[in-house]
Amino acid sequence: TAPTKLKSTLGYRDSFISMSNNLDFYPSIQRHPEYRTESGRETAIKNDYSSQKMDLSNTNSISFKPFIYSPVLKNTSLSWNTGIKLIQTEFIGTVEKPEWEYELPEWDDDSFSAHTLNFAFASEQGDYSQKLTLSTNLPPKVDQYNGTLSFGFPFITTSVSAGIKQKSIDDNDWELIPLNHNSSIKLLAGKINLSNTFKYDLEEKTPSTYNLSVNIYNFSVSYSMLYTNKYEYNETV
């Protein structure tokens, strides 16, 4: 495997308008020089052929910062992002007659790895900051809407995010995206660090994960909670 990336960027007036374009080539060739048994030879060769890829993808981003020269609102932005699989490799042959098909992009969810529109309203004044980020999927991706609200204070940062999405391209029902909360406290130039993450399943109306970590100089302690299956105690047994 020898991935190759070609990247180009363009900016106008200190990122008032900026664009980036990435072209990624992922060649992958896998071969087994030896086989433990003759019966496993055909399976190994087929797996090698199936793993062989010559994929090519392209990502683009266009960002607009209308208040770039305002010291308070300079990080407010509107951006459009795309990710397209230009070539996808699929093995369609046999061990005796190997053959690969190279699929070109189509206007469907499988060919687009990303297609989003994002808006961020951000303000910053010294050690205080706040940011509201709203994002949505664009066709042909499955409909999805996300929101993130974050605050920054001296020594403290905190954020909360949630959203809603269509279940699948073939299912028009909607479901809530889990609510995520993150916060951290840093003291003495980061020598004392307290952080926690919390996820709440809005569909099931129950907490799903919680992680707490404390780092004091070179000593650290962490606690993790994971919600799994429900159990009911049977008093008759």
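How many residues lie between E12 and E13 in their hairpin, and which residue in the turn has a positive phi? Two residues separate the strands, and Tyr217 is the one with the positive phi, about 55 degrees. Keep in mind that this is a predicted model.

**Whole chain**

Start with everything selected. The chain holds one helix and 13 strands. Along the sequence the pattern reads β-β-α-β-β-β-β-β-β-β-β-β-β-β. Align the view to the principal axes: the C-alpha atoms fill a box of roughly 70 × 65 × 45 Å. The radius of gyration is 24 Å, whereas a compact globule of 237 residues would have one near 18 Å. Buried residues make up 21% of the 237.

Now show the surface. About 16600 Å² is exposed, and carbon and sulfur atoms supply 56% of that area. Colour by charge next. There are 21 positive and 28 negative side chains, with the centres of the two sets 10 Å apart. For contacts, take pairs at least 6 apart in sequence; 41% of these join residues at least 24 apart.

**Pro139 and Pro140**

Select this pair. The peptide bond between Pro139 and Pro140 is cis, with omega about 5 degrees. Pro140 sits in the loop between strand E7 (128–137) and strand E8 (144–153).

**Leu188**

Move on to the loop between strand E10 (171–187) and E11, where Leu188 is placed. Leu188 is not a glycine, yet its phi is positive, about 55 degrees. Most residues other than glycine have a negative phi, and most peptide bonds are trans.

**E11 to E12**

Select residues 192–201 for E11 and 206–216 for E12; the two strands pair antiparallel over ten bridges. Pick Ser195 and look across: its bridge partner in E12 is Ser213.

Then go to the turn. Four residues lie between the strands of this hairpin. Lys205 is in the loop between E11 and E12. Its phi is positive, about 55 degrees, although Lys205 is not a glycine. Is Lys205 buried or exposed? Its relative accessibility is 66%, so Lys205 counts as exposed, the cut-off being over 50%.

**E12 to E13**

Keep E12 and add residues 219–226, strand E13; eight bridges join the two, which run antiparallel. Select Val214 and find Val221 in E13 standing opposite. In a regular strand the side chains alternate between the two faces of the sheet. Finish at the turn of this hairpin, where Tyr217 has its positive phi.

Methods: Residues numbered from 1 in each chain as written. Predicted model: local features only at pLDDT ≥ 70, side-chain atom pairs only at ≥ 80, totals over all residues. Heavy atoms only, no water. Pairing = 2+ DSSP bridges. Rg over C-alpha atoms; globule rule 2.2 N^0.38 Å. Buried < 20%, exposed > 50% of the residue type's maximum accessible area, 1.4 Å probe, protein only. Contact = heavy atoms within 4.5 Å. Areas by Shrake-Rupley, 256 points an atom, 1.4 Å probe, with all protein chains shown as cover. Lys, Arg positive; Asp, Glu negative; His and termini not counted. Charge placed at Lys NZ, Arg CZ, Asp CG, Glu CD.
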